[in-house]
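Work through the exercises below with the model open. Try each task before reading its solution.

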Amino acid sequence: MARGSTSKNSKNNNLDGFSAATVFEKEQGITYKDFLILPGYIDFAPQDVSLETQVTRNVRTKLPLISSPMDTVTESQMAITLALLGGIGIIHNNLSMEDQAAQVERVKRYENGFITDPIVLSPKNTIADIDNISLRYGFSGVPITEDGTLRSKLVGIVANRDVDFERDRTIPLAKVMTTELVTAPKGISLIQANEILRKSKKGKLPIVDKEGRLVALMSRTDLLKNREYPSATKDSQKRLRVGAATSTHPHDRERIEMLIARGVDLLVIDSAQGYSKFQIDMLKEMKKKYPDVDIMAGNVVTREQGEALIKAGADALRIGMGPGSICITQDTMACGRSQATAVYYTALMAAKYKIPVIADGGISNIGDIAKALAVGASATMCGSLLAGSKEAPGDYYYENGVRLKKFRGMASIEAMEGGGGAKRYNVEDQKIRVAQGVSGAVVDKGSLFEFIPYLMQGVRHALQDMGCRDIPSLHKALYSQKLRFEPRSLAAQAQGGVHGLYSYKKPIIGAD
């Protein structure tokens, strides 16, 4: 097809560029850097662009951003931050099942309307027990009941001010708890309870039945966060949503049961090559046993792979084999696919089943996110882009005066020795392990509370330039061939970046 020519079905002779179908019919696989999207017509502002999207069949988020289940990327703090901002985090499984379940529980308990399963202690517990709760869950306001269980008589509450200056942490809570309580009756509306909290200026509001037994709890900090983060990703009970990774190994069935019991919203079957009997059998088993829990399957890169997982019950597909910044699968295993090509073809197939695809890997800046969405992805899964942030696991250290955090692939030797990476790459029981990833470091990105809004505003501008107000309309333009693409030569790629300067400074990491 000659440059500037139109598709067979088009009546507009002024259409420049090519349809996605034409671009991806090339004999070579292409990545995000190999093409540009031609601009469309603008009749709206960037703030009018909605980034709300479907990340699985039943889980919806305000932002098309998912954190990768890597042990240097996603634990509870990352998942909480992403959910507050409108995305969702996937807790990695390079942990014991108990520790992973505890990470999920911490996210689910973080923010609520009515907390229907609050942590409760008895008057015989000690201040040390409050310390343990604060360390594990990040809060210390705890209701005290007669026997330390929910639905027994409320006798007090312990807050920070009650224990902060006590040196002896073995003191029983009976001696420090506040007993003059402001409570609300069972059945009160959320609006009425909010008003009581506002007037009382208390940090916690216990909800009790007619006999004075504790049935629920409300928190002032939760109300403030409801106001500060209106786009937070929440379930029907107003709790933050969170996902968790699992393998296909038989012993992970118990892990799955524990995760579901703690309220996990999304299970991600974490496998480097997801087109296997093990994953298909597990999908069928899990969907039969837990029909209400969404499962993201993968990783896959072809239509055949993806369709098999969808037919087995997958609620979303995770796309990518080797494009990650720390992944060497393509060089080591000689298998994989160029990421833009993989996303386009799997999304084209999955659209027939109305199943979202998630572009996993190869995302290094705002433009990559926008391009992944433009070729059919409903959301992007990011590792290196989020690693190094304040909310990522690990401690900062300095090297040559630069502040860094460790970042490693789950197929690196280090991660496989931890267990989770070995399960993901099916080498758990092998004496000789071949690495498909490396270990390294990334530069400090600061807090995601500043970084993610910057990234997402950039994506809104990108969709505005394409002439699309939201992700569904972007996909509609893609499949109707209204969205036009143009391949880029190496010279064009060089010209499209910063060039001709002696030196320069990026405004923020991820902006190029």
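The exercises cover a barrel, two residues, two helix pairs and an open sheet.

The model is predicted: local features need pLDDT of at least 70, side-chain atom pairs count only at pLDDT 80 or more, and totals for chains, interfaces and linings use all residues. Residues are numbered from 1 along each chain as its sequence is written, and side-chain values use heavy atoms, with hydrogens and water left out.

**Exercise 1. The barrel**

Task: give the strand order of the closed barrel and its pairing.

Solution.
- Start with the terms. Strands are DSSP runs of E with at least two residues, helices are runs of H or I with at least four, and both are numbered from the N terminus. Two strands pair if DSSP finds at least two bridges between them.
- Trace the barrel. Its 8 strands run β4-β5-β11-β12-β13-β14-β15-β16, and the pairing is parallel.
- Add the twist. From one strand to the next it averages 25 degrees.
- Check one pair. Strands β15 (residues 357–360) and β16 (residues 379–382) run parallel and are joined by 3 bridges. A359 has T380 in β16 as its bridge partner.

**Exercise 2. Two threonines**

Task: is T246 buried or exposed? Then place T72.

Solution.
- Fix the cut-offs. Buried is under 20% relative accessible area, exposed is over 50%, and partly exposed lies in between, with a 1.4 Å probe and protein chains only.
- Locate T246. It is in strand β11 (residues 243–246).
- Apply the cut-off. T246 has a relative accessible area of 1%, so it is buried.
- List its contacts (heavy atoms within 4.5 Å). Leaving aside neighbours within four places in sequence, T246 touches N93, D252, R255, I256, V268, I269, D270 and M282.
- Turn to T72. It sits in the loop between β4 (65–67) and α2 (76–85). Its relative accessibility is 7%, so T72 counts as buried.
- Compare sequence and space. T72 and S384 are 312 residues apart along the chain, yet their C-alpha atoms are separated by 9.2 Å.

**Exercise 3. Two helix pairs**

Task: classify the packing of α9 with α10, then of α13 with α16.

Solution.
- Define the geometry. Axes are lines fitted to C-alpha atoms, for helices over the stretch in contact; angles run from 0 to 180 degrees between N-to-C directions. Under 35 degrees is roughly parallel, over 145 roughly antiparallel, 65 to 115 roughly perpendicular, and the rest oblique.
- Take α9 (residues 277–289) and α10 (residues 303–312). Their angle is about 25 degrees, with axes 8 Å apart. Therefore α9 is roughly parallel to α10.
- Name the residues. Q279, I280, L283, K284 and K287 in α9 meet A308, L309 and A312 in α10.
- Take α13 (residues 366–374) and α16 (residues 448–466). Their angle is about 50 degrees, with axes 9 Å apart. Therefore α13 is oblique to α16.
- Name the residues again. I366, I369, A370, L373 and A374 in α13 meet Y454, L455, M456, G458, V459, A462 and M466 in α16.

**Exercise 4. The open sheet**

Task: which strands are the edges of the open sheet?

Solution.
- Set the order. The 3 strands run β8-β9-β10, with mixed pairing.
- Read the edges. β8 (184–185) and β10 (214–219) each pair on one side only.
- Inspect one pair. β9 (residues 204–208) and β10 run antiparallel, joined by 5 bridges. I207 has A216 in β10 as its bridge partner.
- Add the helix. α6 (residues 190–200) packs on the sheet and touches β8, β9 and β10. The direction of α6 makes about 65 degrees with that of β10.
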